Amino acid sequence: MLFTSEKYLDAEIPGGGVLEREFKLGEVQVPGILWTRASEPSTEAPLILLGLPPLGLDKMYPRLAARARHVVADGFAAATIELPGSGARPRMPVVDEARAELRRVLAAGEPVGDDIVDRLVLPLVEQAVPEWQATLDALLALPGLGGPVGYSGGVISVGVRLAAVEPRVAAAVLFAGSLVPRAVFEEARRVTIPLHVLLQWDDEGNDRQASLDLFDAFGSEEKSLHANMGGHTGVPESAGEEAGRFLARHLKS
């Protein structure tokens, strides 16, 4: 892991504010950002991984930085990485072709077939999850960071796979609202960590019943579904605060 820049944010936050450090990870130079307390903590801070949609880190930065400020103010560290095929990373032709076909099918009012969903999502999951695990390896080796680890947001299929295969992730907040391959429903049965799932009831781009079926498939003994009225971008602020309390309860216990 190579840190490439750093800056200080929000000096009024206890601990001297927030230290934001950009980094590059591994041979493929995956871009990422780490947010921590500016002052050295007396104890290791639990880490929350902030997922993002495939819109690019630059475009998502304002929302991610706002979430990270809250996370750090609550005594955690936060980190994110750019998804494969997004931002300045090399394109993924299979995913781009599937995305173009998805747009055509939706414009024609045709049903979205499983093949399109698989080609759109599974290559992303296959590459993103090992990159998240490599990020965890590097971050948890740094002074001042420790477990347990939480995961919040992003592409729900990535979150499901990570929760199923990564034992260092102790709790997760998942955002329903993206297409989910059938194979991911089977993986969901292997997820046993506590889950807090957010669903926008009137999400124009989301199959509500598929989201409910995915929630039902999770093998976790502790799982809660929090549905809010409104479209994809209408998540109320209170929902984010409640999700934050959920992670704090499980990562600080």
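**Figure 1. The whole chain and its surface.** The accessible surface of the protein comes to about 12,000 Å², and carbon and sulfur atoms account for 54% of that surface. Keep in mind that this is a predicted model. The fold is built from 7 helices and 9 strands. With a radius of gyration of 18 Å, close to the 18 Å that the globule rule gives for 253 residues, the protein is as compact as a globular protein of that length. Lay the C-alpha trace along its principal axes and you get a span of about 55 × 40 × 30 Å. Of the 253 residues, 48% are buried. Take the contacts between residues at least 6 apart in sequence, and 66% of them turn out to join residues at least 24 apart. As for charge, the protein has 24 positive and 35 negative ones, and the mean positions of the two sets are 1 Å apart.

**Figure 2. Phe-3 meets Phe-23, one of 2 aromatic pairs in the model.** The ring centres of Phe-3 and Phe-23 are 6.2 Å apart and the planes sit at 85 degrees; anything over 60 degrees counts as edge-to-face, so that is what this pair is. Phe-3 comes from strand β1 (residues 2–9) and Phe-23 from strand β2 (residues 18–25), so the pair links distant parts of the chain, 20 residues apart. The two rings sit in unlike surroundings: Phe-23 is buried at 1% relative accessibility, whereas Phe-3 is partly exposed at 30%.

**Figure 3. Trp-132 and Tyr-151, an edge-to-face pair.** Here the rings are 6.0 Å apart centre to centre, with 90 degrees between the planes. Trp-132 belongs to helix α3 (residues 114–139) and Tyr-151 to strand β6 (residues 145–153). That makes this pair a link between distant parts of the chain, 19 residues apart. Both Trp-132 and Tyr-151 are buried.

**Figure 4. A cis peptide bond in strand β6, from Gly-147 to Pro-148.** If you're checking omega, expect a value near -5 degrees for this bond. Pro-148 lies in strand β6, the strand that also holds Tyr-151 from the previous view.

**Figure 5. Leu-140, in the loop between α3 and β6.** Leu-140 is partly exposed, with a relative accessibility of 25%. Leaving out residues up to four places away in sequence, Leu-140 touches Leu-47, Leu-145, Gly-146, Gly-147, Val-149 and Arg-168. One of these partners, Gly-147, is also where the cis peptide bond to Pro-148 starts. Then look for Val-112: this residue is 28 places from Leu-140 along the chain, and their C-alpha atoms are separated by 40 Å.

**Figure 6. Glu-187, a buried acid in helix α5.** The helix covers residues 182–188. With 9% relative accessibility, Glu-187 falls under the 20% cut-off, so this residue counts as buried. Setting aside neighbours within four places in sequence, Glu-187 is in contact with Val-160, Arg-161 and Ala-164.

**Figure 7. Gln-29, a residue with positive phi.** Phi is about 55 degrees here, although Gln-29 is not a glycine. Gln-29 is found in the loop between β2 and β3 (30–37). At a relative accessible area of 38%, Gln-29 is partly exposed.

Definitions and conventions
Residues numbered from 1 in each chain as written. Predicted model: local features only at pLDDT ≥ 70, side-chain atom pairs only at ≥ 80, totals over all residues. Heavy atoms only, no water. Helix = DSSP H or I, 4+ residues; strand = E, 2+ residues; numbered from the N terminus. Rg over C-alpha atoms; globule rule 2.2 N^0.38 Å. Buried < 20%, exposed > 50% of the residue type's maximum accessible area, 1.4 Å probe, protein only. Contact = heavy atoms within 4.5 Å. Areas by Shrake-Rupley, 256 points an atom, 1.4 Å probe, with all protein chains shown as cover. Lys, Arg positive; Asp, Glu negative; His and termini not counted. Charge placed at Lys NZ, Arg CZ, Asp CG, Glu CD. Phe/Tyr/Trp six-rings, centres within 6.5 Å; stacked < 30°, edge-to-face > 60°.
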